[in-house]
Amino acid sequence: MLELKNISYYYKSQKDKTILNHVSYEFKKGVMYAILGSSGSGKTTLLSLLAGLDVPVDGTVCVGGEDILQRGLNAHRKDNMSLVFQNYNLIDYLTPVENVRLGGKADAEKLLEQMGIDQLQRKRNVMQLSGGQQQRVAIARALASKAPILLADEPTGNLDEDTANEIIAIFQNLAHEQEKCVIVVTHSRELAEQADYILTLKKGKLEE
Amino acid sequence: MSCLARTLCYIRRKKMKSLLLLFLFLVINSMVLGTLGIRKVSLELAEELRKNAESKITLESMDVNHPFEETDMQTIGNEPNVNWLNRISEIQVVSTTCIPVAGNEGSENVFTIHGYDKLEKDSPFADKVYRITEGNYPQGSKDIVVNQFLAEDNGIQAGDKIVFEMFDGTEQEAVVAGLFLSGMERSQTENVATVNRIENQIYGTADFVNKLSGRTDFFNVAVYVNNPEQLTDTKKVLENMYQDCAAIGITDNTFQKLKMMIGQTDRITFLIFVMTVTAGSMIIGLLLAMWMRSRKTEIAVLISLGISKENILSQMVLEEMILYFIAFAGAGIATKLLLPRISNCLAIMQGNSITLELSFGWQLGVLCIGLIGVVILTGIAIFPYMEKPVKETLSEMEG
């Protein structure tokens, strides 16, 4: 479904320091992946390349066999990908419902209900919600696009243990029940162990 | 969620920012419209002044053999800056029906008749030294105005006729169109010759005087110009034409006095306008730059959600444009209400019929230029964050 073909990446200002070195991997739908790695190992870079927020120096990222550059990065972000961030990144002047509507045309109220956000909370300013609730709104926004791939960057980094477990359960459900390809980037081994596959990013290489 | 929906949400929910920007736009627009209103009036006044300043060049023939003929009048009248000519003539003539107010010495029944194309422009009437007390200035070719004392002595009233002897001995009737007083009749000494006494001065048209004298030329001409600022140039042209036979002078005191005042108003309003626009643009530009910096995350998130950069730019531009438009409408109403009051306070406007207001065209111009300015300022403020890779912004946020 989502394929990395011989991906290499380095910063143009530091050509001798390779972040990703000829990485190839195929992500399948209905599976939850966890990408582990220490700080500075290139996890976020890899996620950016998958999300079409950056382009590799060498190699291609393909979805359904089609190079995302050929399709257009904007179209790729809109149709193939949905993103969940560590800091939620909700738009502060919109309500939860409106934030979800940014993601796509799906029924925002229904999605928020599924995520456990009650009606009163849906109409409040999104910044007045707790961290866990904000992350649920962010996930609802990611689901609104109906994109087949969900990328999450440290989604439980700012959450307490109970809420983190709830969020992980939602991801598992998305992968197994809704047949989405869920890729979670984390440095938490505990979270990674709940994924179907654990991939480790080390010295620019992605290992299973 | 559409661009317009996001725009309206931003304006509604970010109340402080929106109100601050609205207030700034309102102040700037009010000042711009106000100063433009004053500037427009000062320009109109300058134009009115140019037309009505009555700046003129006076030509006086120095050679009795070379008076100004009709052909000279046509040549002068064809000069580009010449508006019209006031031909001036004079004759001493005998009346068969009227007795002059006598002095110690003088000729029997001789009067001095002064002829002007427009009596109220170049005669003692122009400076309001002489004033019409009854009737009107001469309108028809046979109309004259006579002194009130002469009229009383001879039992003449407005509408009566006086007969004068022409150059060839025949008689010519004139109609008394009005009576005048100079206020100096009583202060004349007894030594003043009868023909020179104020009471015995009669004023009529230039053509009437020439009819009495049998001449077709004139010894004095006042040349009125269209544009007083080119008065010297026109004078030079006339000097080249009549250098040897005429004394040439200029009169444009009224224009010079008012020109300074209006020029000053014009410069001040222009300065206020430039300062307002410059300071306003800088303040708005800095505020937008500051606010856009705080919105870089939002921009990155919207891009990561697959929303195009054009759509995001449109949202930001639309936010400022809506606020600008509301502020402009407010400023328009405010200036509409306040400008008449301001005009009453301005000394320059006293006694002038021009009202201090802006035309629709000028307002539309301010609106369009303002909106373009807003688009440019927003574009400049947002540009760095549109160009910055989304990954970098998001990485900064994630720490």
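The exercises below, each with a worked solution, concern a predicted model.

**Exercise 1. The sheet of chain A**

Determine the order of the strands in the open six-stranded sheet of chain A, and explain why β6(A) and β10(A) each have one side without a neighbour in the sheet.

Solution. Reading across the open sheet, the six strands of chain A follow the order β6-β7-β8-β3-β9-β10, and the pairing is mixed. The strands at the edges are β6 (81-84) and β10 (205-207) of chain A, and since each of them has a single partner strand, one side of each is left without a neighbour in the sheet. Neighbouring strands of this sheet are turned against each other by 20 degrees on average, when direction is ignored. A helix also packs on this sheet, namely α8 (residues 161-176) of chain A, which touches β3 (32-36), β7 (149-153) and β8 (181-186) of chain A and whose direction makes about 150 degrees with that of β8(A).

The mixed character can then be followed pair by pair. Between β6(A) and β7(A) the pairing is parallel, over four bridges, and A:Val84 stands opposite A:Ala152 of β7(A). The pairing of β7(A) with β8(A) is likewise described as parallel, over five bridges, and here A:Ala152 has A:Val184 of β8(A) as its bridge partner. Towards the other edge, β9 (residues 197-202) of chain A pairs with β10(A) in the antiparallel sense over three bridges, with A:Leu206 of β10(A) as the bridge partner of A:Leu201.

**Exercise 2. The surroundings of β7(A)**

Decide why β7(A) can be called largely enclosed by the rest of the structure, and state the handedness of the β-α-β unit that β7(A) makes with α8(A) and β8(A).

Solution. The first step is to consider burial residue by residue: five of the five residues of β7(A) are buried, and the strand is therefore largely enclosed by the rest of the structure. The second step separates the two faces, for in a regular strand the side chains alternate between the two faces of the sheet. On one side of β7(A) lie A:Ile149, A:Leu151 and A:Asp153, on the other A:Leu150 and A:Ala152, and because all of these are buried, both faces are covered. The last step follows the chain onwards, where β7(A), α8(A) and β8(A) together make a β-α-β unit that is right-handed.

**Exercise 3. Strands β1, β4 and β5 of chain A**

Trace the bridges of A:Cys62 to its partners in β1(A) and β5(A), and find the residue with a positive phi in the hairpin of β4(A) and β5(A).

Solution. Strand β1 (residues 2-10) of chain A runs antiparallel to β4 (residues 58-63) of chain A, and five bridges join the two; within this pairing A:Glu3 has A:Cys62 of β4(A) as its bridge partner. Strand β4(A) is also joined by two bridges to β5 (residues 66-67) of chain A, again in antiparallel fashion, and there A:Cys62 stands opposite A:Asp67. The hairpin of β4(A) and β5(A) has two residues between the strands, and A:Gly64 takes a positive phi near 60 degrees in it.

**Exercise 4. Two helices of chain B**

Describe the packing of α2(B) against α11(B) by its angle, axis distance, handedness and residues.

Solution. Helix α2 (residues 15-52) and helix α11 (residues 360-387), both of chain B, pack at an angle of about 140 degrees with their axes 11 Å apart, and the crossing is right-handed. From α2(B) the contact draws on B:Asn29, B:Val32, B:Leu33, B:Leu36 and B:Lys40, and from α11(B) on B:Trp362, B:Gln363, B:Val366 and B:Gly370. Sorted by character, the residues of this contact divide into five nonpolar, three polar and one charged.

**Exercise 5. The position of B:Cys98**

Establish whether B:Cys98 is buried or exposed, and identify its contacts beyond its neighbours within four places in sequence.

Solution. B:Cys98 is found in the loop between β2 (82-94) and β3 (110-116) of chain B. A residue counts as buried when 20 or more other C-beta atoms lie within 10 Å of its own; B:Cys98 has 24 other C-beta atoms within 10 Å and is therefore buried. When neighbours within four places in sequence are left aside, B:Cys98 is in contact with B:Asn154 and B:Ile162. The C-alpha atom of B:Cys98 is separated by 9.7 Å from that of B:Lys161, which lies 63 residues away along the chain.

Methods: Residues are numbered from 1 along each chain as its sequence is written. Chains are lettered from A and ligands numbered from 1 in the order in which they are written. This is a predicted model: local features need pLDDT of at least 70, side-chain atom pairs count only at pLDDT 80 or more; totals for chains, interfaces and linings use all residues. Axes are lines fitted to C-alpha atoms, for helices over the stretch in contact, and angles run from 0 to 180 degrees between N-to-C directions. A crossing is left-handed if the near helix is turned anticlockwise from the far one by less than a right angle, and right-handed if clockwise. Two residues are in contact if their C-beta atoms, placed from the backbone, lie within 7 Å. Ala, Val, Leu, Ile, Met, Phe, Trp, Tyr, Cys and Pro count as nonpolar, Asp, Glu, Lys and Arg as charged, and the others, Gly among them, as polar. Two strands pair if DSSP finds at least two bridges between them. A residue is buried if 20 or more other C-beta atoms lie within 10 Å of its own, exposed if 12 or fewer, and partly exposed in between; C-beta atoms are placed from the backbone. A crossover is right-handed if, with the strands pointing away from the viewer, the path from the first strand over the helix to the second runs clockwise.
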